[in-house]
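This report describes selected features of one structure, for a reader who has not seen it before.

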Amino acid sequence: MSYWFRNDNRLPQERLAAASYVIVGLITLLLFGFWKLQVIDSDKYGQLAERNRVRSIPIIAPRGRMLDRDGRVLVDNYPSFSVILLRDDMAAVDKSLPAIADGLGLSLDDLQDQLGNTKNLPKFQPIVIKPEATPADVAFIESHRADIPLLEMLMVHRRRYLPGGFMSHASGYVGEVSEQQIEASNGKLRPGDFGGKSGLERQYNDLLVGTDGMRRVIVNSVGKEVGRLTEQEPIPGKQIQLTIDYDLQQVAEAGLGDKKGAVIALNPQTGEVLAYASHPAPDPNDFAVRVSKEEWQRLNEDEGHPLLNRVTQAQLAPGSVFKIIMATAMLESRIPPENFTAFCPGYGVFYGQMHKCWVYGKSSHGSVNLHSALVRSCDVFFYNVGMHLGIDNISKYAKMLGLGAKTGIDLPSEESGLVPSEEWVQRVYHHKWYPGSTISVSIGQGSVMVTPLQIAYVVGGIASSGEYKQPHLLKDIQNVAEKRVELRENTVEQVTQGLYGVVNEAGGTGNSVKLQGIEFCGKSGTAQMMSYSAASRLGLGKGKNDGWFVGFAPRRNPEIVVAAVVEDTAEHGGTAAGPVVRDIVKAYYEKKDKKTHGQTTVEYKDKPIEVGESSEKKEKPAPKPANKPEEAAAVVAPTSAKKIREN
Amino acid sequence: MIKDAPGARDYDWWMLAIIAAICTLGLVEIYSTTHGSVLAGMHMRQIRWLVIGAVLMFVFSRLDYHLILDQAPILYIIGIAALTAVLLVGHTRFGAKRWIPILGEFLQVSELVKLIIIIVLARFFAEVRTDELSLQDLIKAGLLVGVPLVLILKQPDLGTALVLMPMLIVGAFLAGLQWKHAAVIVLMGVLMLPVAWHVLKPYQKERVTSFMHPEEDAKGSGYQVLQSKIAVGSGGFWGRGFGNGSQNQLGYIPVKYSDFIMSAWAEEQGFKGVLLALGLYMALLLRLVQNAQRAKDRAGMFLDMGVTAALGFHVLVNVAMVIGAMPVTGIPLPLMSYGGSATLFVFLAIGLVMNVRLRRFVN
């Protein structure tokens, strides 16, 4: 054993002491490091830990349902699953994107586009990458929890509408909210959220939409759910009850059928919309998930314009329906006086131009007064009235009665129609009003344009002695706007008697839609789309018409007013649109009849007709004697009759 | 005043108490990180290692360290041979050839080599008779360390290889390292850095780059460090409580029972817990230095300070890694991290220190 290195006790005490200081110094430095992380930046790291651990998954609140006036469900929800992508870790998302696209059967380009579009949204907001998940998608997500911990399933509620586009223009539809809407919503909306895009869905979106809840789950480092934290329950959207009567709506839908057109039924005393149909109608169930670009393009380019909400947006020439306004204007202004009569030889010459009556070439009306002119829809009489009134008077009364302005119905994008005036022509066309144009306007042609809703609203208002109620679809709407137009009793009486005659007198243009036991009044209109001669030149033989009918019952203070228009028909308004209106009014009374039968016997004191007592009907009071029977013959073949249109 | 058989009271009971305290913290946290997982029961295995280590420590301390130093050349040759053997026939685990099976367990040869180098360096520096360390001796010492260092790097085990450096530096420093030599070595070291970069394995380079730019490597070692920092930071001052650290319990902290055990401890026990743990380590290290100061001879002092350098370096590098102040190197935290070989090394090293202490008054 060598001892030569022993017993050497010269220890470098200074350097050993230095080593101690180094130890103290380094440990102190480390403690500073911990102090910074654990005390100074503690909150920041606490949040990071929380974000690691807690995954927030929204619980989608169901949208409120829509019920009809009797509580029957019109628009409902059904549960469905969406695949959402968590984007907290963009690097991981980029890496896994091809695998995700492959696994879910999505196009990688589309996914990348979608990610690009949502780049500016907060990273913690997941995005919906596949709205309708299949069982295979679920299996894919579950089996790849560990290697692709970026996907989650989200239960959503999809809208279910009645099939076949039933009432679809009133209900509207929902769709994914746009990026602009998301940005404007102050964080309330997320990508993949649904919002009302049109109709009532859009109008009452704020009511229908609920507040989404939030499920906060604890996930481990491989994305597996290991526990749950507080759950914030979703608040479902409010259910809304509509004024729509499902039974009447069915009649309206069936009445229009394949025809292009619109029907609106109102209760003028309350403003409640009882039926609302516009055909052709898209099926909003097709949009309930995600509407493809092609489908959207097809709908937009369809010649039938299925996306056009004809009730409030179709601006059409009213044709003879406008004579109701003319008659009211004449009686109110007394220009010409009430007892004015005109002779109709089948045409009239005004301002050097010949204007035909619709019976031209087949018959003539002879001497007509206001009543017979309304009943038989004599154009020549109203040409004369229009000439006496002048365009500014016509315009004044038409506007006063509610045309040329929105009715204020609780639907988006209502059109206001057009009531021409001297001022309007000057402003838009920069020329003076041609007096000849007044003649066309007198029979609802020319540049006057109305929506079906306006016609129902205005006619309902006149028959209610100038009491107008804002049309609405929401049963519990607050503040129904009212409008009072001062109409003299005589005016209302005479006009409604005329309209009663249209349906109930022999020779009335609406005689074919007479209803037994109901004081059903109305007026037909046939607005010509193309002049007869132009149609002949094009080899169409017949011109295409917009056939109108507006009807109401009872005669004074009606409970129901229905306006219908059938576009591009070869038929007369009375035959094309008349039956649609009649069937609704009939259904309305049949239903009312059943109800009253089920309850108590109701006495109809102040009503001339006993409604609901079909067994012992009284004779209808005929306010005016029936017109000459030979004039009725003109009504038999109305399809060939044309009105003149002047532009 | 000859005292051939040192008594029980000559042991450094304070140091043993500190060690016992640190081991307790380690066991508590190993339990917390592994209970309720597939690794449950790991704390029991660690207790077994601690018991074996303690027994070895006492056995080792009975043997006069001069006898051990006498065998330094043979130990050195055994160490080099073992390192070579492990490269040829060693067992590969976690992508590195570091393990040989002994007594049914896989042991890391490099842990044993660390101990041998402490002994060899102590012997070498004790034989240096001059007050100042000559350049010649410095180079010799460097070569003594260089050979096993290269072999360990081959495994590859950068962490353990690095531990040899502070042993050499501390030894040289205490042996009278001249400032000019120190300056030249530092300068050379800086110049060698680009060369060293080329020698690094890809995963080692990745660790360094991700240390420099952690955000570029979200799921690799940058992710590990970030998660560790989140764990430490979210612990706050008071900690989230035993078994309540979400980073720990939900598996966000990498190898939380071993290399990153301080991260889990810091999360659950907070800054106060860190203060306790680092305080204990500081006490242990200072106590080691004190033992060196009271060593009977230079050889004993060099042994003590070799152990101090190794343990101190472990603590520094491991804890700095946990708070993101140093790259990930895979160096465990002595006595707290789970691990057989590492635990045995620490106890054997402490055994050496006790050995020196017990013979303070002999002769």
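Is α20(A) mostly covered or mostly uncovered? In this predicted model, α20(A) is mostly covered, with 12 of its 16 residues buried. The helix runs over residues 489-504 of chain A and reaches 22 Å from its first C-alpha to its last, close to the 22 Å expected at 1.5 Å a residue. Among its buried residues are T491(A), V492(A), L499(A), Y500(A) and N504(A). The buried residues of α20(A) pack against three helices and a strand of chain A, namely α13 (323-333), α14 (370-376), α19 (452-463) and β19 (521-528).

A second packing site lies between α3(A) and α4(A), the latter being residues 108-117 of chain A. Their axes are 9 Å apart and meet at an angle of about 125°, which means that α3(A) is oblique to α4(A). The crossing is right-handed. The residues that make the contact are listed below.

| Helix | Residues in the contact |
|---|---|
| α3(A) | L97(A), P98(A), I100(A), A101(A) |
| α4(A) | L108(A), L111(A), Q112(A) |

By class, six residues of this contact are nonpolar, one is polar and none is charged.

Chain A also touches chain B: 42 residues of chain A are in contact with 48 residues of chain B. On the chain A side, α1 (13-40), α2 (42-53) and α3 (90-104) each supply at least two residues. The most comes from α1(A), with 17 residues. The side of chain A that touches chain B holds 22 nonpolar, 12 polar and eight charged residues. Helix α3(A) thus has a part both in the side that touches chain B and in the packing with α4(A).

Technical notes
Residues numbered from 1 in each chain as written. Chains lettered and ligands numbered in written order. Predicted model: local features only at pLDDT ≥ 70, side-chain atom pairs only at ≥ 80, totals over all residues. Contact = placed C-beta atoms within 7 Å. Helix = DSSP H or I, 4+ residues; strand = E, 2+ residues; numbered from the N terminus. Nonpolar A, V, L, I, M, F, W, Y, C, P; charged D, E, K, R; others polar. Expected span 1.5 Å × (residues − 1). Buried ≥ 20, exposed ≤ 12 C-beta atoms within 10 Å, placed from the backbone. Axes fitted to C-alpha atoms, helices over the stretch in contact; angles between N-to-C directions. Parallel < 35°, antiparallel > 145°, perpendicular 65-115°, else oblique. Left-handed = near helix turned anticlockwise from the far one by under 90°.
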